[in-house]
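Here is a predicted model, taken up in short questions and answers. Look at the sequence and the fold, then read on.

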Amino acid sequence: MTPCRGHVSFTINGQQTVVDAPPMKRLLDVLREDLGLTGTKEGCGEGECGSCSVRLNGQLVNSCLVPILQASNARIETVEGLAIDAELHPLQKAFLECGGAQCGICTPGMLMAATHLLAHTPNPTMDEIREGLAGNLCRCTGFIKIFESVIAAAVIKGRETHAR
Amino acid sequence: MRGDPQNLELIAAASLPEVLAHISAAPGSWTPIAGGTELMVAHAAGRLSAQKLISLWGLPELDFIRVGDETISIGGGVTFGRIRSHADIASDFPLLSRAAGWIGSIANQNRATLAGNIVNGSPAADAPPALLIYDAEIELASQRGSRRLPYSDFHLGYKQSVLEPDELVLALHLRRRFAKHAQYLRKVGTRKAMAITKVALAGTAIVMNDTIHEIHLAAASVADRPVRLIATEEALLGKQLTRETWRAARAELLNEVRPIDDIRSTAEYRKHVAANLLDEFLTQLAHEGVQA
């Protein structure tokens, strides 16, 4: 059979983009292979580990489970969109300061899940953080430093909002 | 081996009638895909048998929650993320709300749909026990029209259902009469989050003066499909909450469930735990003495 392909357009971190890809190609592979956005990692490839987490129209999703056709006209945010120019996002600063990242494979997914959490819950409780990150697995940190990073980021963000 | 996306066809249509026309033109040859939390996993593992898929994601006709005076209707395409954050579902059908909140992770809940959870047909699925005890009706749509039936009649066996090849799940309809019932739902898995059920029990009841006036029980992972525990309910209905009633109900449940040994648990464990969950629910009823 003729290979199935098509044009799909969407925005990535605010930039209008068009790719020519098979409609069943995973959003994760389009990000990494077609667009060179290798910040998003593949862990399990089956929606269990969260290392490929991105936001699709403001919703946290596992990009390994999204066929690219379903991202038509969508707004996609990846870890590459967090820092503005050289200025790290408060979550990135907090992960650095609190030792929230070690080997780094889970970190982009953690950052996106935490971004999603703080967008809805600016001052999360420890339980809310645990639930918000329940789908993101880390094999290095034991999670506590990651939870502390999210709390620290919430404080930084609160301060920044207050300063404005 | 990973599946090659170039060998698969995936199309999207702008409306439900167009999707229904496609699948009715070649019944059984199109596999509907919504959030992909099941089919994309199969695709990645190279065990997706479908060759032609049709996307249901974002179809407005499937993505609605309609709150009426007597009924709440939930479109088949509604995600568990939306279900868990809906105030009327939380107040009227708290167990559906709670089950929605423990389906996978937040990222899974944002993609997994109610119809997908049902049609996938897993006996371990999280939403079905709640739907069963709330006497949900399921509405199926095809180009031939739509039909409604009790959800308890939907599953016929392991991964078998009454869904015809040209049909889709349009909606689930829930009558708003359970808000004041006693409610019970417990899922036993390997860990609290991101775990598939070893055994789960859902229950709703009205108890007055220590007598059980109404009781609905349903369980996951104790049979080839999600099941209502009719015989166990009968052993409890109209009875006083005495030690004898408890014993009879426990015996009835152990007789009624038909679990299997598999990679997640054993039949023996599942039976024992299901009976213990019933004990826990009955203990809760005895303490609450819920009034209608």
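Q: Leaving aside its neighbours within four places in sequence, which residues is A:Ala114 in contact with?
A: The model is predicted. A contact here needs C-beta atoms within 7 Å. With neighbours within four places in sequence set aside, the partners of A:Ala114 are A:Leu91, A:Leu133, A:Val150 and A:Ala153.

Q: How many residues does the largest nonpolar core have?
A: A:Ala114 is listed among the residues with the most contacts inside this core. Chain B appears in that list too, with B:Leu96, B:Ala130, B:Ala219 and B:Ala274. The core's residue count is 134.

Q: Which helix of chain B gives the largest share of this core?
A: The share in question is eight residues. They come from residues 267–288 of chain B. That element is helix 11.

Q: In what order do the elements of chain A run from the N terminus on?
A: Chain A has five helices and five strands. Two strands lead, ahead of a helix. The full order is β-β-α-β-β-β-α-α-α-α.

Q: Why is chain A as compact as a globular protein of its length?
A: For 164 residues the globule rule gives 15 Å. The radius of gyration of chain A is close to that value, so the chain is as compact as a globular protein of that length. Its radius is 16 Å.

Q: What percentage of the residues in chain A is buried?
A: Buried means 20 or more other C-beta atoms within 10 Å of a residue's own. Of the 164 residues in chain A, the buried part is 48%.

Terms used:
Residues are numbered from 1 along each chain as its sequence is written. Chains are lettered from A and ligands numbered from 1 in the order in which they are written. This is a predicted model: local features need pLDDT of at least 70, side-chain atom pairs count only at pLDDT 80 or more; totals for chains, interfaces and linings use all residues. Helices (H or I, at least four residues) and strands (E, at least two) are DSSP runs, numbered from the N terminus. The radius of gyration is taken over C-alpha atoms; the globule rule is 2.2 Å times the number of residues to the power 0.38. A residue is buried if 20 or more other C-beta atoms lie within 10 Å of its own, exposed if 12 or fewer, and partly exposed in between; C-beta atoms are placed from the backbone. A nonpolar core is a set of buried Ala, Val, Leu, Ile, Met, Phe, Trp, Tyr and Cys residues joined through C-beta atoms within 7 Å. Two residues are in contact if their C-beta atoms, placed from the backbone, lie within 7 Å.
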